[in-house]
Amino acid sequence: MNNEEKNTYVKKQITEALLKLLEQHEFEEISISQVTALAQVSRNSFYRNYESREDILLKYIRRLFLDWDAEYKKQSQGSNANLYGSLFQHLSDNKEFYLLLKKRNLFHLFLAVLLEQSGPRPEHDNTWAYITAFIAHGTYGWIEEWVARGMQESGEEMAAFLASHGMK
């Protein structure tokens, strides 16, 4: 393996180890030593790639979000209903992960990534920044409540629900 492949492997091992530990332990109970031991990588490898345990999850959520966004843009039909339908389908496809975040009181990390990717920017004028913040936080509220209720409806059902309530 070249260096890039090794680094990708290390990051995958670390992420999988943390997710496995999260299934059985509260986040606060998990140490970096436990993560690196389960991942079978050194602490140096950990710190070369991450600043903290939280950083592992943020980077993983960011990758999931960016993968979804790239896929959506390939198939985009431009309507809000399609956008939200695709987003809810992505969440549904990764249901176990997002439910685990909620269970471990880490779902706020999804908000951080959502705002980073779709929230207001310093270069926005005030009006656009307020509108963007309203939309991003409103979207998060819908998603968080859906996840808190166990994601009972499918992504398609959520998209249909939004469409039937004015989201065209």
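## Pockets and two residues of helix H8 and its following loop

The lining of the largest pocket is made up of 15 nonpolar, 9 polar and 3 charged residues. The model is predicted. The volume of this largest pocket is about 600 Å³. Its lining counts 27 residues, of which Leu 83, Tyr 84, Ser 118, Ile 135 and Thr 139 are the closest to the pocket centre. Two or more lining residues are given by each of helix H4 (53-75), helix H5 (80-93), helix H7 (108-118) and H8. H8 provides the largest share, with 8 residues.

The second largest pocket holds about 220 Å³ of space. Lining it are Lys 11, Lys 12, Thr 15, Glu 16, Asn 49, Tyr 50, Ile 56, Lys 59, Tyr 60 and Arg 63. At least two of these lining residues come from helix H1 (3-24), and at least two from H4. H4 thus appears in the linings of the largest pocket and of the second largest pocket. The table sets out the composition of each lining by class.

| Pocket | Nonpolar | Polar | Charged |
|---|---|---|---|
| Largest pocket | 15 residues | 9 residues | 3 residues |
| Second largest pocket | 3 residues | 2 residues | 5 residues |

Thr 132 belongs to helix H8, which covers residues 126-148. Thr 132 has a relative accessible area of 7% and therefore counts as buried, the cut-off being under 20%. The side chain of Thr 132 lies 2.7 Å from the backbone oxygen of Trp 128. Apart from neighbours within four places in sequence, the contacts of Thr 132 are Ser 118, Gly 119, Pro 120 and His 124. One of these contacts, Ser 118, is also among the residues closest to the centre of the largest pocket.

Arg 149 sits in the loop between H8 and helix H9 (155-164). Its relative accessible area is 57%, so Arg 149 is classed as exposed, for which the value must be over 50%. The side chain of Arg 149 makes a polar contact of 2.7 Å with the side chain of Glu 145. Between Arg 149 and Tyr 47 there is a separation of 102 residues in sequence, and their C-alpha atoms are 36 Å apart in space.

In short, Thr 132 in H8 is buried, whereas Arg 149, in the loop between H8 and H9, is exposed.

Key:
Residues numbered from 1 in each chain as written. Predicted model: local features only at pLDDT ≥ 70, side-chain atom pairs only at ≥ 80, totals over all residues. Heavy atoms only, no water. Helix = DSSP H or I, 4+ residues; strand = E, 2+ residues; numbered from the N terminus. Buried < 20%, exposed > 50% of the residue type's maximum accessible area, 1.4 Å probe, protein only. Polar contact = N/O pair within 3.5 Å; in protein donor to acceptor, adjacent residues only side chain to side chain. Contact = heavy atoms within 4.5 Å. 1 Å grid on protein atoms, 1.4 Å probe; cavity = no way out; pocket = protein on both sides within 12 Å on 5 of 7 lines; lining within 4 Å. Points joined across faces, edges and corners; volume = space filled by probe spheres on them. Nonpolar A, V, L, I, M, F, W, Y, C, P; charged D, E, K, R; others polar.
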